Amino acid sequence: MNVTYFCKTCDKVTRVPFTADSRAVSCTRCAATQAFPESFLDEDEEGNCILERCTICGSHELYHRKQFNQRLGISIIALGSTLSTIAYAYHNLFWTFLILFIFAGIDLLFYIFMKNLLQCYKCNSEFRGFDDSPEYQPFNLEVHEKYHQQRVRLERAEKERQWLEQEAGNQADDDSTKAGA
Ligand SMILES: [Zn+2]
Ligand SMILES: [Zn+2]
């Protein structure tokens, strides 16, 4: 299994493999260590090993989604429609529709056989290479919204803190000028 996460030390996204025994991972770009929580794996009712929490931020809320490669999906459709347009230009309706049909089928097959991944609502880390389990939940807009609001509030609080610090600094400067005069 592997985790794709945002490294706060170098501000970049990195993907690192890990095992059930891993206690931490190191960023592939800047080598900064990211510690894991005590335990992050569990077993579901069928005995599958499941990821119980995000190893990066420790949040228990993860969602399950298809690992859809948008660029690949669009390329397949674009190629199909180009070829069918050529067939259409040659007044060959049979091939025009057959090509469209085949390419739509290929897209569908890609979708069906696509692997799943788990994503953390809180820090957006992605986890791949897990056993599938019926216990994993699909995306839930309410949970997403909850974390989104939390992030907005944190950002606002951070801005206020910076502003207060700056003000305090200005105040101190004023005081020292007065004391000097
Ligand atoms: Zn890094
Ligand atoms: Zn997380």
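Two residues are in contact if their C-beta atoms, placed from the backbone, lie within 7 Å. This is a predicted model: local features need pLDDT of at least 70, side-chain atom pairs count only at pLDDT 80 or more, and totals for chains, interfaces and linings use all residues. Residues are numbered from 1 along each chain as its sequence is written, while chains are lettered from A and ligands numbered from 1 in the order in which they are written.

**Exercise 1.** List the contacts of Leu51, leaving aside neighbours within four places in sequence.

*Solution.* Start with Phe40 and Leu41. Add Leu62 and Leu118. Finish with Phe127 and Phe130.

**Exercise 2.** Find the strand partners of E1.

*Solution.* Strands are DSSP runs of E, at least two residues, numbered from the N terminus. Two strands pair if DSSP finds at least two bridges between them.
- Step 1: E1 (residues 2-7) runs antiparallel to E2 (residues 12-17), with six bridges. Phe6 stands opposite Val13.
- Step 2: look at the hairpin turn. Four residues separate E1 and E2, and Asp11 there has a positive phi of about 60°.
- Step 3: three bridges join E1 to E9 (residues 126-128), also antiparallel. Val3 has Phe127 as its bridge partner.

**Exercise 3.** Compare the span of helix H1 with the expected span.

*Solution.* Helices are DSSP runs of H or I, at least four residues. The expected span is 1.5 Å times one less than the number of residues.
- Step 1: H1 (residues 70-89) has 20 residues.
- Step 2: its first and last C-alpha lie 28 Å apart, close to the 28 Å expected.
- Step 3: just after H1, His91 takes a positive phi of about 60°.
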